[in-house]
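Grab a coffee and work through these short exercises with the model open beside you. Try each task before reading its solution.

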Amino acid sequence: MSGTDGQNVPTVALRGKGTEVPIPQLGFGVWQVPDDEVGPAITTALQTGYRHIDTARIYGNEAGTGAALADSDLSADEVFLTTKVWNDDQGYDATLRAFDASEKRLGRPVDLYLVHWPAPKQDTFVDTFRALMQLRDDGRIRAAGVCNFEIEHLQRVHDELGEFPAINQIELHPYLQQAQLRDFHARHGIVTEAWSPLASGGDVLTDEMIGRIAGRHGRTPAQVILRWHLQLGNVVIPKSVTPSRIAENFDIFGFELSAEDLTAIAGLDRGLRTGPDPREFG
């Protein structure tokens, strides 16, 4: 199910407590943006039209994110906000305390709370997600999800808690397409969200095939890749602090990739990670 938010950005539906929660398909990520620099970037993003901000405790910029949102003329209902629990706060009680601290730093309600990594060696991700379910059922968040979970992690959450997370935010770009995991998501009602959607600005942006597709559409390689994410149905959160790039990344609604374009991009998958392996990290 999909819709459109007030800025004509498509939305997809997350499972909430007995209802569907619309999340804007295009969001703005603030990874690696220092707390004292995140405000101008978010202000630019909001002025550009973004209505979905993605932060995390480990980014160290929740306070700056909250201040920037408070300084805008947009209400909490108008901007979808995500944050995440870090590995050293995993476990049921610790996660509840971590959420209290994040909410205090942000100074406004959180729409989506995510388990940042499964950290399987700790073996606490199930209890951590149980805490997120409690926060959702208590009305403190609207939806509960995860990041970087592999199929075995998602299945264990379901087997032990009786439900799948609403969303899984994973590394995903043309060189790491995660088709098997995305298929599992689709079969179980889990929304796919892409971090590092441009492969951290690596070789994918200079890929000859991407360049040819961009040339045909009169667009940049980044715009082609972000448009590819949208047409796959992914939620996507590009990150930049450069105003021109923030605007460029948002300007992806005036064209559509052809079936031929999508097939060509599908052929670029290399299984190439730019980030950690979720089975080992944490």
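Accessible areas here come from the Shrake-Rupley method with a 1.4 Å probe. Keep in mind that this is a predicted model.

**Exercise 1.** Work out how much area the protein exposes and what share carbon and sulfur atoms supply.

*Solution.* Start with the total: the protein exposes about 11700 Å². Next, the share: carbon and sulfur atoms supply 47% of that area. Now look inside, taking buried as under 20% relative accessible area. Buried residues make up 54% of the 282 residues.

**Exercise 2.** Decide how the protein compares in compactness with a globular protein of its length.

*Solution.* First count the elements: you'll find 10 helices and 11 strands. The radius of gyration is 18 Å, close to the 19 Å from the globule rule for 282 residues, so the protein is as compact as a globular protein of that length. Then check the contacts: of those with a separation of 6 or more, 73% join residues 24 or more positions apart.

**Exercise 3.** Find which residues of helix α5 are buried, and why they sit on the same side.

*Solution.* Go to residues 151-161, where H153, L154 and V157 are buried. These three cover an arc of only 100° around the axis, which puts them on the same side of α5. Now see what they pack against: α4 (125-137), β8 (143-147), β9 (167-171) and α6 (179-187). Finally, step past the end of the helix: α5 is followed by G162, which has a positive phi near 85°.

**Exercise 4.** Count the charged side chains and say how far apart the centres of the two sets lie.

*Solution.* Tally 26 positive and 40 negative side chains. The centres of these two sets lie 1 Å apart.

Technical notes:
Residues are numbered from 1 along each chain as its sequence is written. This is a predicted model: local features need pLDDT of at least 70, side-chain atom pairs count only at pLDDT 80 or more; totals for chains, interfaces and linings use all residues. Side-chain values use heavy atoms; hydrogens and water are left out. Buried means under 20% relative accessible area, exposed over 50%, partly exposed in between (1.4 Å probe, protein chains only). Helices (H or I, at least four residues) and strands (E, at least two) are DSSP runs, numbered from the N terminus. The arc is that of the directions from the helix axis to the C-beta atoms. Contact means heavy atoms within 4.5 Å. The radius of gyration is taken over C-alpha atoms; the globule rule is 2.2 Å times the number of residues to the power 0.38. Lys and Arg count as positive and Asp and Glu as negative; His and the chain ends are not counted. The place of a charge is taken as NZ of Lys, CZ of Arg, CG of Asp or CD of Glu.
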